Amino acid sequence: PTISVSTVSARPLLVVVVLWFLVVLGAVFSGAVASVPVPAPALAILLAGLVLLARAALPGFRDRLAAIPLGVLVGWHVLRIVAGGNFLRLHAQGVLPADFALPAGIGDVAVGGGALLMLAVVLPVRKPWQHAALLVWNGLGLVDILAVLGNGARYAVSQPDLVVPFTQLPLALLPLFVVPLVIVAHVLVFVRLRRNVRATTP
């Protein structure tokens, strides 16, 4: 029998997220992350892809993801204000180059600020303009994070030393934890918006 999404709790996912976070910490502290030959941007894409693959393959997991409140999915992006501010700080300290840190920092702060606006004004989505506003913000946010990863991958190939900080705390949390969940959250928002359109279409 098909289980209604409304009867499924997303709370077990919190355990998965906490375990993921602890595994990342352990991998960084043990030095395992620094020894992985895969660049940090590629790891972020790989981890996000694994979550989305599990969603496609496991109906129970998909139902639990569908039970996550839309406000939680959007609210996760508020962390990008912190990440963006950190990029700008590291650029000011000479740790990260301007053509990476400035677009990444400004973009993250803008998307994170937009998430606050979505939470304050757009959610819950009841009107067409709210649906459109959330769709635009979500699309721009996804494009921004993919552009940051692409720029990071370019540096990983041309100047590998510049991505070394992303194998150490606290920056290692970005490609190994925060960014994969950012990408997944964007995809889930798109799925939710599409589902809402289907539910309201006669």
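## Aromatic contacts between helices α1 and α9

At a relative accessibility of 18%, tryptophan 20 counts as buried, because the limit for that class is under 20% relative accessible area. This value, like the others below, was computed from a predicted model. Phenylalanine 177 is likewise buried, its relative accessible area being 7%, whereas phenylalanine 21, with 29%, is partly exposed.

The structure holds seven aromatic pairs. A pair of aromatic rings is described by the distance of the centres and the angle of the planes, and two of the pairs, both involving phenylalanine 177, are set out here in those terms.

| Pair | Centre to centre | Angle between planes | Class |
|---|---|---|---|
| Tryptophan 20 and phenylalanine 177 | 5.9 Å | 90 degrees | edge-to-face |
| Phenylalanine 21 and phenylalanine 177 | 5.2 Å | 65 degrees | edge-to-face |

The pair of tryptophan 20 and phenylalanine 177 links distant parts of the chain, since tryptophan 20 belongs to helix α1 (residues 11–30) and phenylalanine 177 to helix α9 (residues 173–200), with their positions 157 residues apart in the numbering. Phenylalanine 21 also lies in helix α1, so its pair with phenylalanine 177 in helix α9 ties together parts that are 156 residues apart in sequence. For this second pair, the angle of 65 degrees leads to the edge-to-face class because planes over 60 degrees apart are counted that way.

Taken as a group, Trp20, Phe21 and Phe177 join Trp76 in one aromatic cluster.

A contact of another kind involves a charged side chain: arginine 154 lies over the face of tyrosine 155, at 4.8 Å from the ring centre.

Methods. Residues are numbered from 1 along each chain as its sequence is written. This is a predicted model: local features need pLDDT of at least 70, side-chain atom pairs count only at pLDDT 80 or more; totals for chains, interfaces and linings use all residues. Side-chain values use heavy atoms; hydrogens and water are left out. Rings of Phe, Tyr and Trp (its six-membered ring) pair if their centres lie within 6.5 Å; planes under 30 degrees apart count as stacked, over 60 as edge-to-face and the rest as tilted. Helices (H or I, at least four residues) and strands (E, at least two) are DSSP runs, numbered from the N terminus. Buried means under 20% relative accessible area, exposed over 50%, partly exposed in between (1.4 Å probe, protein chains only). A charge sits over a ring if NZ of Lys or CZ of Arg is within 6 Å of the ring centre and within 35 degrees of the ring normal.
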